[in-house]
Amino acid sequence: MNATFNLQNVSEDYIADPYRVLAELRAHSPVHKNNDGTFILTCYSDIVQTYRDPLIWSSDKQSVFKSKFGNTPLFEHHTNSIVFIDPPDHTRIRNLFQSAFTRKALAAFVPRITGLVDEYLDRLEDQGEMEVVEEFSFRLPIEVVCDLLGVPRQDRELIRGWANSILTALEPTLMQKQLDDGNQAVVDFKQYLRDLIAYRRVHPHDAKDTEVLTILADAEADGKGLTEVELLHQCIFMLNAGHETSTNMISHGIHEMLLNPDQIELLSKNPDLIEPMVEEVLRYQAPIQINNRQAKSDQILSGVTIPADTTVHMMINAANRDPAQFPNPDRFDITRRPNRHLSFGLGVHICAGNALARVEAQIAFQRLFHRFPKLRLTTPAVIAPRLRFREVSSLHVCVT
């Protein structure tokens, strides 16, 4: 298995349960050379090392994405997204986001999040059943991130389709139709945002002071504002990333708790466990499973030389189950402390919206399991055939 494992051609068994395969890789080939010359990292310590030195391990994907996407809208988007930009541009752009994620700004969202969650739970009580992804875990974060950006409510279904097409293009292998759909989504998304920004500039009083769209459109960093290209692609990135991770996190959290009813009982007896519960969900089923970096010079990880300009695939799902860092890593335990998982990254590229995502999850899980402690699954969860994102595509529950 170790000699033949290829990230560009994984088995269906891997999609269902990547953790067993990755545990074998970590034990026998922790820095594993893929068929295309890239390397797969599965040790927590190696991945932490790559995160902590952005001067050596670059997030810039110009060369990688040029060969993958060519001169296309997808190339323009992904090479201008903050997640794929190195300092100093990364620092300049990221600083513009910070006002949206202060403690005061997050506190202002708590009533909105609570109201949305209660609305979904009222519907669950009325219906007696729910498809969690469509009716809860997608709806909550997309509503919140669209509020944050200032996207009108009636346009929010558009965002979902565009986001899925653009993010799917980051998978290791793609069909031509997926590339075509991704490129068209970037074109359509950009035009939508141009129109929205133009409207905001003509009608500035319609916007809230905390809307990131307005902040970015008006912002200057070090005396220099964002270019139009930077502005559009940061907005696309925020709308995409702001709901993808949280949707997967909430879906997995509900699923894992229902598979482990003893953990629901623990949370019921001790509501203060909600914070470590969210961290355990993030560790156990990392919403984003893979990150990438490129070595700027020859490097050595776990005794293996990685040549300059080589891409490494940081398997977050493997790092989060590394027994050297997490005792009994395959056990779902909401009392786990410490829990230094890597699901939001580390270092300069740590997810800017991680605090908001945590607040969403804490409110969602606390209110759901307090109100419906006997909630149960009606059918097994369906896991989407994706590698970079660990997505629950369908999850049916009922009230008993």
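Buried means under 20% relative accessible area, exposed means over 50%, and partly exposed is in between, using a 1.4 Å probe and protein chains only. Keep that in mind as you click through this predicted model, where local features need pLDDT of at least 70, side-chain atom pairs count only at pLDDT 80 or more, and totals for chains, interfaces and linings use all residues. Residues are numbered from 1 along each chain as its sequence is written, and side-chain values use heavy atoms, with hydrogens and water left out.

**Stop 1: Thr168**

Select Thr168, which counts as buried because its relative accessibility is 13%. Thr168 belongs to helix 10, residues 156-168; helices here are DSSP runs of H or I with at least four residues, strands are runs of E with at least two, and both are numbered from the N terminus. Now show the backbone of Asn164: its oxygen lies 2.6 Å from a polar atom of the Thr168 side chain. Next, display what Thr168 touches, where contact means heavy atoms within 4.5 Å. Setting aside neighbours within four places in sequence, the contacts of Thr168 are Leu174, Gln178 and Arg386.

**Stop 2: helix 5**

Select residues 73-80, which form helix 5. Of its 8 residues, 6 are buried, so helix 5 is mostly covered. Colour Leu74, Phe75, His77, His78, Thr79 and Asn80 to see the buried residues. Which helices do the buried residues of helix 5 pack against? Turn on helix 4 (62-69), helix 10, helix 11 (176-202) and helix 13 to see them.

**Stop 3: the nonpolar cores**

A nonpolar core is a set of buried Ala, Val, Leu, Ile, Met, Phe, Trp, Tyr and Cys residues joined through side-chain atoms within 4.5 Å. The largest one here has 91 residues, and Phe136, Leu140, Leu149 and Phe365 touch the most other members. Helix 13 (residues 228-259) supplies the largest share of this core, 11 residues. Centre the view on Phe365: leaving aside neighbours within four places in sequence, Phe365 is in contact with Met249, Ile250, Gly253, Ile254, Ile274, Met277, Val278 and Val281. Then look for a second, separate core of 18 residues, which includes Leu41, Ala286, Ala295 and Val312.

**Stop 4: the largest cavity**

On a 1 Å grid over the protein atoms alone, a cavity is a set of points where a 1.4 Å probe fits but cannot get out, and lining residues have an atom within 4 Å of a point. Grid points are joined across faces, edges and corners, and a volume is the space filled by probe spheres set on the points. The structure holds 2 cavities of 30 Å³ or more, and the largest contains about 790 Å³ of space. Its lining has 43 residues; select Val83, Phe237, Ala241, Ile288 and Cys351 for those nearest the centre. Elements that give two or more residues to this lining are helix 5, helix 6 (89-97), helix 9 (139-149), helix 13, strand 7 (290-295) and helix 17 (354-371). Helix 13 gives the most to the lining, with 8 residues.

**Stop 5: cysteines**

Stay on Cys351, which is partly exposed, with a relative accessible area of 30%. Why is Cys351 without a bond to the closest cysteine sulfur? That sulfur, in Cys235, is 16 Å from the sulfur of Cys351, too far for a bond. The structure holds 0 disulfides, a disulfide being a pair of cysteine sulfur atoms within 2.5 Å. Cys43 is another cysteine to click on; Cys43 counts as buried at 13% relative accessibility.

**Stop 6: the backbone**

Most residues other than glycine have a negative phi, and most peptide bonds are trans. Begin with Pro87 and Pro88, joined by a cis peptide bond with omega about 10°; Pro88 lies in the loop between helix 5 and helix 6. Another cis bond joins Arg337 and Pro338, with omega about -5°. Pro338 is in the loop between helix 16 (316-319) and helix 17, as is Asn328. Asn328 has a positive phi of about 45° although it is not a glycine, and at 58% relative accessibility it counts as exposed. Ser302, also not a glycine, has a positive phi of about 50°. Find Ser302 in the loop between strand 8 (299-301) and strand 9 (304-306), partly exposed at 42% relative accessibility.

**Last stop: His28**

Select His28 in helix 2, residues 18-28. Is His28 buried or exposed? Its relative accessible area is 61%, so His28 is exposed. Finally, draw a C-alpha to C-alpha distance from His28 to Phe65: they are 37 residues apart in sequence and 30 Å apart in space.

Definitions and conventions:
A polar contact is a pair of N or O atoms within 3.5 Å; within protein, one must be able to donate a hydrogen and the other to accept it, and residues adjacent in sequence count only if both atoms are side-chain atoms. On a 1 Å grid over the protein atoms alone, a cavity is a set of points where a 1.4 Å probe fits but cannot get out, and a pocket is an open set with protein on both sides within 12 Å along at least five of seven lines; lining residues have an atom within 4 Å of a point.
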